[in-house]
Amino acid sequence: MNFLRKPFTYSFFKAAFALVIVNTAVHFLIGFFGLNKNFFGLSVFGFVYQHNFWQVFTYMFIHGDLRHLFFNMLALLIFGTSIERAVGSKEFLLMYFVIGVCSGLFSLGAYFGFGQFLMANGIQPWTFGISLIGASGAIYGLLFAYAVLFPRSIIYIWGLIPVPAPLMVLGYAVIEFFSQFVGSSNVAHLTHLAGFGFAWLYFVVRMGVHPIKIWKNAYRR
């Protein structure tokens, strides 16, 4: 366990800002060259059957449209920069990619498992063709990390409603949970929930921090 918690030497080189630049550049380059986003997105068909293993990394840099890109990058810039300053750029990058990759693999496993269930019941496994794109899994993990590192921070929803960071995380988790099972959309709510879950595990395993204890201590009278 000690090797998992070996700290990096602190450094700060604006990795969050660099990720914003790379994501933005990739979005416009793909549009300019007319590339197929599904080739870089994460899918059961591409990853499992075509062995496009790079998709587990590249899917985080692909976004559906400018709105998708803008809100993810805004959160990355605001929350990511604060986290990066607190833990250092190397730890931040490790956190970002571990959560992002694990969230993608978790969703992939869910799509594959449900597809197998459909096949066993004589139904076309439509989940095999779902292409997961976007940095949202990693971004939701960063929201969770921000609430752990800055538990008494106040977030202003829509710039108006003050909400403590841990309560914001709980609210988003509830919304994403019900959104996954109620209604239908192109949003990967399962991946968002996985981002929270793997962020939790990251703090427990990598940093030896228990988020609930942090939040209890922060608001203990």
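Tutor: Accessible areas are obtained by the Shrake-Rupley method with a 1.4 Å probe, and for residues only the protein chains shown count as cover. By this method the protein exposes about 12300 Å², and carbon and sulfur atoms supply 70% of that area. The model is predicted: local features need pLDDT of at least 70 and side-chain atom pairs count only at pLDDT 80 or more, while totals for chains, interfaces and linings use all residues. Residues are numbered from 1 along each chain as its sequence is written, and side-chain values use heavy atoms, with hydrogens and water left out.

Student: How many helices and strands does the protein have, and what makes a run of residues one or the other?

Tutor: A helix is a DSSP run of H or I with at least four residues, a strand is a run of E with at least two, and the elements are numbered from the N terminus. The protein has 10 helices and 2 strands. Their order from the N terminus is α-α-α-α-α-α-α-β-β-α-α-α.

Student: Why is the protein called as compact as a globular protein of its length?

Tutor: The radius of gyration is taken over C-alpha atoms, and the globule rule is 2.2 Å times the number of residues to the power 0.38. For 221 residues the rule gives 17 Å, and the protein has 18 Å, which is close to it, so the description applies. The C-alpha atoms fill a box of roughly 60 × 45 × 40 Å along the principal axes.

Student: Why is Val 44 called buried?

Tutor: A residue is buried under 20% relative accessible area, exposed over 50%, and partly exposed in between (1.4 Å probe, protein chains only). Val 44, in helix H3 (residues 44–49), has a relative accessible area of 0% and is therefore buried. Of the 221 residues, 41% count as buried.

Student: Which residues does Val 44 touch?

Tutor: Contact means heavy atoms within 4.5 Å. Not counting residues up to four places away in sequence, Val 44 touches Tyr 49, Leu 108, Tyr 111, Phe 112, Thr 127, Phe 128 and Ile 130.

Student: Is Asn 52 buried or exposed, and how do you know?

Tutor: Asn 52 lies in the loop between H3 and helix H4 (55–58). Its relative accessible area is 8%, so Asn 52 is buried. Beyond its neighbours within four places in sequence, Asn 52 is in contact with Gly 46 and Phe 47.

Student: What makes Leu 193 partly exposed?

Tutor: Leu 193, found in helix H9 (residues 189–206), has 22% relative accessibility and therefore falls in the partly exposed class. Its C-alpha atom is 8.7 Å from that of Gly 141, although the two residues are 52 apart along the chain.

Student: Why is Lys 14 called exposed?

Tutor: Lys 14 has a relative accessible area of 52%, so it counts as exposed. Lys 14 is in the segment before helix H1 (15–33). Its phi is positive, about 55°, although Lys 14 is not a glycine.

Student: How do you know on which side of helix H10 Pro 211, Trp 215 and Ala 218 are placed?

Tutor: In H10 (residues 211–218), these three residues are buried. They cover an arc of only 65° around the axis, which puts them on the same side of H10. The arc is that of the directions from the helix axis to the C-beta atoms. An α-helix has 3.6 residues a turn, so residues three or four places apart point the same way. The face of H10 turned away from its buried side carries the exposed residues Lys 213 and Lys 216.
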